[in-house]
Amino acid sequence: MATPHETDVLIVGSGPIGATFARVLSERSPQTGVLLIDAGPQLTSRPGLHVKNIPDPAERERAQVRSQGPTQYVYGTPTPAQRTEAGEEAGEGAPTRPGLLARPGTFLVGSPEMPAAAMSTNVGGMGAHWTCACPPPGNTERIGFIPEEEWRAAFDEANRILGVTQRAYPDTDAARAIRRALMDAFGKRLNPERPVQPMPLAARTEGDERRWAGVDAVLGPLAEEGHGANFTLRAETLCRRLTVEGDRVTGAILEHLPTGERYEVRARVIVVAADALRTPQLLWASGIRPPALGRYLNDQPQVIGAVQLNPALLPENAGPAAGGVSWVPFHSPEHPYHGQVMELEASPIPIPVEHDTGTPVVGLGWFCAREVRHEDHVTFSESETDYLGLPRMTVHHTLTPADETVIEQARAEVELAIRILGRPLTNDRPFLLPSGSSLHYQGTVRMGERDDGQSVCDGHSRVWGYRNLFVGGNGVIPTSTACNPTITSVALAVRASEGIASLLAERPGERVAG
């Protein structure tokens, strides 16, 4: 094994959350050495660019394929050579993409109880592929033990880092007409302070085009060549395990995948932000196994439909645009879902347009909050491994009768939205996507107010029982949510980063060179 390397902070996982840790630590403590690693490749010369910002469709497709871990081919029916090249794991990647599984840029975990559970392996993680929706959590979605003032400050910082705006799309007459109709239908069910409104999106406009926020936007100056003298990003670098001595994690064993070279990195602080499935996988592989690890897995059941807008609803000469994405917010356990009414170009799910009459078609997606249960969890094998040689994971996840009730209520809401907006594209009812389709997995390394066996980390994301080990990502969120979780996870990473900066400042004489 090569001579050990040293840094102040090692961050495992270069998605939006890992990048947030790097950005905030570099801003709060510029002298701190930060090493950010990812097992996947860097897709573009600018690290972490959102694939929707790649103008050439063929190049965009290549970037998506390179993100797909063991399924390195365009989804469809692979050739025998492609199956051989992908190995046995090809069966996990939905090579024929049945139904609505395995979106481009992702690969499936392969668990029957959550058939659409998927991940991406690339610099930027899901931040290269996400929809950029950043609705703030409301009411019971919020984490009650975080003080309001601290939460607002962290959330404001998360908005800054992601560049969130409600003006990514023009506020057209058609958009206002859609929102008025939705408000007439759902306004009495909502908090008056959270009416139907444009969806907050991590995007900016350049002329008539939108630039979607990838991890390059999160990294900010660190994404620019020559910036961040104490910051290093290493692609195609797998963390095999963390090294532990007592109540401290001293570093990690890393592998440069193209060459197979393994080496040790020593660090004062370790952050694992490898997503809600692979973060507990790495902790488990490292012998760090608190009782709640992998437990309380939370997904958001997703009901979708599509509607051809009623021409009478729209102003004259409204044009083909439907105004981007309108948001029907979550309110409370009595209204336990949030809705998105979106132009097709903003939808992550392909929606076929049939019987086109020339008026706009919009997609409708209602995300449901569900019961958070100890029984829903991910387990890891002692003997079998995945395509990278880490413990094979299996997802255990079932809907409860209460969940089924909420899903049926969401179907009724989508049907109501379709009636007030126009006519359905098909005679089918709004349908529930396969379990895992939301990609919003939460709870597997959840935070808690106390170390009572029901959480993995404290309110500042530090793993219970370890002085210098932190976790980040959607897996940290402990509450039942319906809103897209990324901005919440970014806010929690901001708060944790400030705690890490204070920890590093406690004993500056112990600083390890970056």
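**Rings, Strands and Helices: A Group Meeting Talk**

Good morning. I begin with one residue, Phe107, which counts as buried at a relative accessibility of 3%. Please keep in mind throughout that the structure above is a predicted model.

Let us turn to the partner of this residue. Searching the whole structure gives 6 aromatic pairs. In one of them, the ring centres of Phe107 and Tyr387 are 5.6 Å apart and the planes meet at 80°, so this pair is edge-to-face. The reasoning rests on a cut-off: planes over 60 degrees apart count as edge-to-face. Where do Phe107 and Tyr387 lie? Phe107 belongs to strand 3, residues 107–108, while Tyr387 is in the loop between strand 17 (377–385) and strand 18 (391–396). The two are 280 residues apart in sequence, so their pairing ties together distant parts of the sequence. Is Tyr387 buried or exposed? Tyr387 is partly exposed, with 29% relative accessible area.

A second aromatic pair consists of Trp151 and Phe155, whose centres are 5.5 Å apart with 45° between the planes, and this pair is tilted. Both residues are in helix 4, residues 148–162, and they are 4 residues apart, about one turn of the helix. Trp151 counts as buried, at 7% relative accessibility, and Phe155 is buried as well, at 10%. Both verdicts follow because buried means under 20% relative accessible area.

Rings also meet charges in this model. The charged end of Arg289 sits over the ring of Trp284, at 3.5 Å from the ring centre. Likewise, Arg446 lies over the face of Tyr296, 4.1 Å from the centre of that ring.

I now move to the strands. In general, the strands of a sheet pair through backbone hydrogen bonds, in either a parallel or an antiparallel way. Our example is an open sheet of 3 strands, in the order 5-7-8, with antiparallel pairing. Which are the edge strands? They are strand 5 (164–165) and strand 8 (209–212), each of which pairs on one side only.

Let us follow this sheet from strand to strand. Strand 5 is joined to strand 7, residues 201–206, by 2 bridges, and the two run antiparallel. Here Val164 stands opposite Ala202 of strand 7. Strand 7 is in turn joined to strand 8 by 4 bridges, again antiparallel, and Thr205 has Arg210 of strand 8 as its bridge partner. Strands 7 and 8 form a hairpin with 2 residues between them, and Gly207 in the turn has a positive phi of about 65°. Strand 8 shows two faces: Arg210 and Trp212 are on the covered one, and Glu209 and Arg211 on the uncovered one.

Another strand deserves attention. How many residues of strand 15 are buried? In strand 15, residues 337–343, 7 of the 7 residues are buried, so the strand is largely enclosed by the rest of the structure. Strand 15 pairs with strand 14 (residues 325–328) in the antiparallel sense over 4 bridges, where Val328 has Gly339 of strand 15 as its partner. Strand 15 also pairs with strand 16 (residues 361–368), antiparallel over 7 bridges. Within that pairing, the bridge partner of Met342 is Gly363 in strand 16.

We come now to helix packing. Two packed helices are described by the angle between their axes and the distance between those axes. Helix 1 (residues 16–28) and helix 9 (residues 486–506) pack at about 35°, with 9 Å between their axes. The crossing of helix 1 past helix 9 is right-handed. Residues of helix 1 at this contact include Phe21, Val24 and Leu25, and those of helix 9 include Val490, Ala493 and Val494.

Finally, a word on the backbone. Most residues other than glycine have a negative phi. Asp275, however, has a positive phi, near 100°. Asp275 is found in the loop between strand 12 (261–272) and helix 7 (278–285), and this residue is partly exposed at 25% relative accessible area. Leu439 is not a glycine either, yet its phi is positive, at about 65°. Leu439 is in the loop between strand 20 (431–432) and strand 21 (469–471).

Thank you for your attention.

How values were computed
Residues are numbered from 1 along each chain as its sequence is written. This is a predicted model: local features need pLDDT of at least 70, side-chain atom pairs count only at pLDDT 80 or more; totals for chains, interfaces and linings use all residues. Side-chain values use heavy atoms; hydrogens and water are left out. Rings of Phe, Tyr and Trp (its six-membered ring) pair if their centres lie within 6.5 Å; planes under 30 degrees apart count as stacked, over 60 as edge-to-face and the rest as tilted. Buried means under 20% relative accessible area, exposed over 50%, partly exposed in between (1.4 Å probe, protein chains only). A charge sits over a ring if NZ of Lys or CZ of Arg is within 6 Å of the ring centre and within 35 degrees of the ring normal. Two strands pair if DSSP finds at least two bridges between them. Axes are lines fitted to C-alpha atoms, for helices over the stretch in contact, and angles run from 0 to 180 degrees between N-to-C directions. A crossing is left-handed if the near helix is turned anticlockwise from the far one by less than a right angle, and right-handed if clockwise. Contact means heavy atoms within 4.5 Å.
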